[in-house]
Structure formats: C-alpha cells, structure tokens
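This report goes through one protein model, from its confidence and overall make-up to selected residues, ring pairs and strands. The sequence and the coordinates come first.

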Amino acid sequence: MLTVLGRPRRCCDGLSRRELLKVGSLSFFGSLVAPPISTLRAASPQPKNRRVESVVLLDLFGGPSHLDTFDLKPLAPAEIRGTFKPIKTSLTGLDICEHLPKLARWMHRTSLIRTLSHSYNSHNPYAVMTGYTGGSDREDYFAKPSNHPGMGAVCQYLGVGRRHDLPGYVVLPAIPGYSQGLRRAGPYGGYLGAQYDPVFAICAEHTGNAIVDDKDAYNHNIVPRGEPRLPPLPANVTLDGLDRRRTLLEQVDENARRLDSANVELMTYRQKQAFQLLTSRSARLAFDLNKEPAAVRDRYGRDTFGASVLLARRLVEAGVNFVTVHTETKGPGHWDTHENNFNMLQHLLLPFLDRAVNSLLDDLAERGLLKTTLVVVTGDMGRAPRVNAKAGRDHWPQCGFCLLAGGGVKEGMVYGTSDKIGAYPTEHAVSPGDLVATIYQQLGIDPETTVPDKLGRPMTITHGGQPIWGILA
C-alpha cells in the first residue's frame, strides 16, 4: 500500500629522513582505524538503542534531477516534464522514471523523500555529509580544520563501530574533489581533529592536477573506469616484512621526533594507523574486489561507480560502520547536468544508479544485512524545473530527493509533496540537518548531542535538524 506523508597509507633497522617522510605521506589517507579510547572526550555520550550497525551513503555528486528520477511531473508543460515517461512500481500508486526498472521493483521496501530542501547552492558535499547548510563557497569550498565534522567522523569520535583491524569510516572511490586536484569540504574530522578523517581509497585513473574544465563533462558515451583500492605500499616495502618488524612503529616514533614538523604527534599517529591498515588481513581482503565472481562484478557494473558500490557492500560485510560513495570522476562522472541532461541520464547515470543500488539492496537482503544497514541515496541538490537551451537543467537546491532502505526505515513510504512543477515542497520540507539527524538516530546517537569546536564551544551535530519520525519504523 502506498503511504504518503505530506502536511510532517626496507623498513629495516634504520629509517632515513626521506624514508620517514615517505612513510609519513601515508597520512594522506587519513585516520585508518578507530582512534584510541583515550582520545575520546569523556563527556561524549555513548551510542545506545542502535537500529543499524552500518550506513552506506551514496552521494550523487553534482545534483541529481528529482524531476527525471523519482518525482516526475507528466502533466506539466514539456519544458518542465522533459522527455522521460513514468512507470509503475512495486508500490501501488507510485510511479518513477522509466529508466529505473530495477529500482521500481524495490520501491515497496523503501522510504522515498521528495522534499529535500535547503539554500546551499554548491557542489560541495559539505551539507550532505554534515547537515550544515550555512556555508558559502567563499569560505567552505575547500576543506579546512575549522569545518564541521562529517557524520562518519562524529561516529568515530563517539566510538561507534570501533574495530582494531578495520577502519570505521571509509570514503570511496577517493577524496571528494580528487578529479580536480582539490579537497572539497564535507567528509573530514574538521574541528574534532584530523585523526577522525576517513580512510580514503585511491582511484588514480581520475586524479587531477589542476582545477580545469573537462571537455568531456557532458559526453554520455564515456564510461568512467578505474577501481577504488587501498593505498599502495611504499617502494621496497613488503607486507611480510612489515609483519616481521614489530619494532617498526617504535622506529617511527623515535625518528619522527627529530623532524622539523609542526604536527609530529599527529603524523606519528597516522603512520601507526597506516601500517596497521596495510598489515590487516581483514582490510586487505575487504578491499579485494577480485574475490568477487565475474557475474557479480558485471551485475554492479564494470565502471568506477559500480566497483565503488560493490566495495561498499564488502566493507559493510567486514564490519565497517560508515561508508560513503561519492560519485565524482573525470569526464561525465557527475550529476551536474547543465547540458545534455536527458542523454547523460538515460545512457550513463540512470543505468548506473539502477543496477548498482538494486544489486546492493539485493545482496544486503540476501545476506541478512539489510536490517542492520541503512542505505541512503541522495545528492547535493535537485535540478531546476525548466529545461534550459542546452537541454540541461540548472542548479536547484530548493527541492530534491532522498531514497532510504533498510536500517529501520518504514517500507512503502513516500514522504512529502512538491508543487506541480517540482520547484518547492508543499508538504514536509526536509533539510540536510533533518536527514543527518535521522541517520544519527538509527545509529543510536542522540541527535541533540554536541561536540566541542576548536575553542571548546559545544556545537550541535545536526545543526538544528530533527529526525524524520514519519519514515522511521
């Protein structure tokens, strides 16, 4: 039955300065396992009443068109409704885009929010990953230590999902902004400290050296390739060698103190975490997509995005608490469809979304993990109602969607209603803060929890957001 809620990174006997600095470069990959308990604030409330053990956040970078996916307006004028037709779904009364046939069969087991709305008109994942919408590109486009922490960082700070052999928080396929050679704000520990940064996989095929326009940005015939993977071992270092050298970390500590470094303590800590990850059998196995049968690889898609979602499933199986897949690569690996919107969606983006999310949900359900895993699919904004002169849709943060499944959310739920052209919510507007509060709630974290900023001031983790009780079972 359809329910609509509207109106609520030779280690031998000595390390040279160069070798030590190379080891230190592993800090690029952030905090690799959970920080020691002693680093946690005594005042931090411990999670309780957890409904989920893991979260998979699929961040559709660039802003997916709600009007061409989950909130079609078939009765609107042609310049609004576009070229796609609606199809029926497994949820009576709910139609979605014709190019999402696999997901159409899942809609009776999901909660769909059609009224995600805010005013942060930026492609940064800052709002998506933190819930904070008061940023501006002038101040918050690039990650900095004063940023609000991402959800995964807050989870690590509060001790959620700690394991000695695995990271608690992973971002795939790489650092947001990697395809342009920058670091976008959002996923980091911010004022909580860099020790709470996630493990960032690497995807060298798309690494950029400058902020440049990409001539293939709207070419729907180019499929982004390359797989997310663990940082490589430094030259002349073997895993067996690292396993034998139990004094390695002590060497690092002793030599690090000789460096002229402004932050030796943090660098030493990160080195330790990097070596723990690189020598962890659990982590190496979890990151090894070659363990998957060819048929499974094909089902998710032999592209960067499909590989990332498949890896997310493997990490959840291994026990990682928070995994974010950020859909950004060179070329057309984005949802910022200012041009060629309908070809980009039909031939590249929607097939990816349909097969990968469907495969993820199928696999989690088959393995008995869906009840303890919250899957969240959303983006930084929606797209403008009116199709522009380049057959694209422009920025539109005023209305967008979020699809949730598993993890204690109601099944067969459609929450909120947009107006006749999908421009604004008419019932139940939902902020990124509300969405973040809902995720925290399911993780057993009180959404009213505060954490200290650099000056020790209490900062709310949801920035005023409240759980969306109408979608929670």
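Which residue just after α14 takes a positive phi? In this predicted model that residue is G444, with a phi of about 80°. The helix before G444, α14, spans residues 432-442, and 10 of its 11 residues are buried. Among the buried residues of α14 are P432, G433, D434, L435 and Q442.

**Overall make-up and confidence**

The protein chain has 473 residues, of which 60% count as buried. Its secondary structure comes to 14 helices and 17 strands. The accessible surface of the chain is about 18,800 Å², and carbon and sulfur atoms account for 51% of that surface.

The average pLDDT of the chain is 85, and 78% of the residues score at least 70. Residues 245-249 have a pLDDT below 50, and this stretch has 9 contacts in the model beyond near neighbours in sequence. Residues 259-264 also stay under 50 in pLDDT. For residues 259-264 the model has 8 contacts beyond four places in sequence. Where pLDDT is low, the predicted coordinates should not be read in detail.

**Nonpolar cores**

The largest nonpolar core holds 61 residues, and those that touch the most other members are L58, F70, L172, L315, F352 and L353. Helix α13, residues 341-366, gives the most to this core, with 13 residues. A second, separate core has 42 residues, including A153, I175, V376 and I439. I439 is also one of the buried residues of α14.

L315 is in contact with V170, L172, A286, F287, V320 and V323, leaving aside neighbours within four places in sequence. F287 is found in the loop between α10 (281-286) and α11 (294-300). Is F287 buried or exposed? F287 has a relative accessible area of 7%, so this residue counts as buried, the cut-off being under 20%. Not counting residues up to four places away in sequence, F287 touches V170, L172, A201, R229, L230, L311 and L315. The C-alpha atoms of F287 and L310 are separated by 10.0 Å, with the two positions 23 residues apart along the chain counted as their separation.

S308 has its place in helix α12, residues 304-318. With a relative accessible area of 0%, S308 is buried. Its contacts, apart from neighbours within four places in sequence, are L172, P173, P228 and V325. L172 thus appears in the contact lists of L315, F287 and S308.

**Aromatic pairs**

A search of the whole structure finds 10 aromatic pairs. One of them, F70 with F401, is tilted, with 4.9 Å from centre to centre and 55° between the planes. F70 lies in the loop between β2 (54-60) and α2 (78-81), while F401 lies in strand β12 (residues 400-406), so the pair ties together parts that are 331 residues apart in sequence.

Why is the pair of Y120 and Y126 edge-to-face? The ring centres of Y120 and Y126 are 6.5 Å apart and the planes stand at 70°, so the pair counts as edge-to-face, the class for angles over 60 degrees. Ring pairs also link Y120, Y126 and Y132 into a cluster.

The four rings of these two pairs are listed below with their burial.

| Residue | Relative accessibility | State |
|---|---|---|
| F70 | 1% | buried |
| F401 | 3% | buried |
| Y120 | 3% | buried |
| Y126 | 2% | buried |

**Strand β5 and its partners**

Strand β5 covers residues 110-116, and 7 of its 7 residues are buried. How many bridges join β5 and β12? The two strands pair in the antiparallel sense over 5 bridges. Within this pairing, T110 has A405 in β12 as its bridge partner. The strand β12 is also where F401 of the tilted ring pair lies.

With strand β13, residues 413-415, the pairing of β5 is in the parallel sense and runs over 3 bridges. Here L112 has V414 in β13 as its bridge partner.

Terms used. Residues numbered from 1 in each chain as written. Predicted model: local features only at pLDDT ≥ 70, side-chain atom pairs only at ≥ 80, totals over all residues. Heavy atoms only, no water. Buried < 20%, exposed > 50% of the residue type's maximum accessible area, 1.4 Å probe, protein only. Helix = DSSP H or I, 4+ residues; strand = E, 2+ residues; numbered from the N terminus. Contact = heavy atoms within 4.5 Å. Core = buried A, V, L, I, M, F, W, Y, C linked by side-chain atoms within 4.5 Å. Areas by Shrake-Rupley, 256 points an atom, 1.4 Å probe, with all protein chains shown as cover. pLDDT = per-residue confidence, 0-100. Phe/Tyr/Trp six-rings, centres within 6.5 Å; stacked < 30°, edge-to-face > 60°. Pairing = 2+ DSSP bridges.
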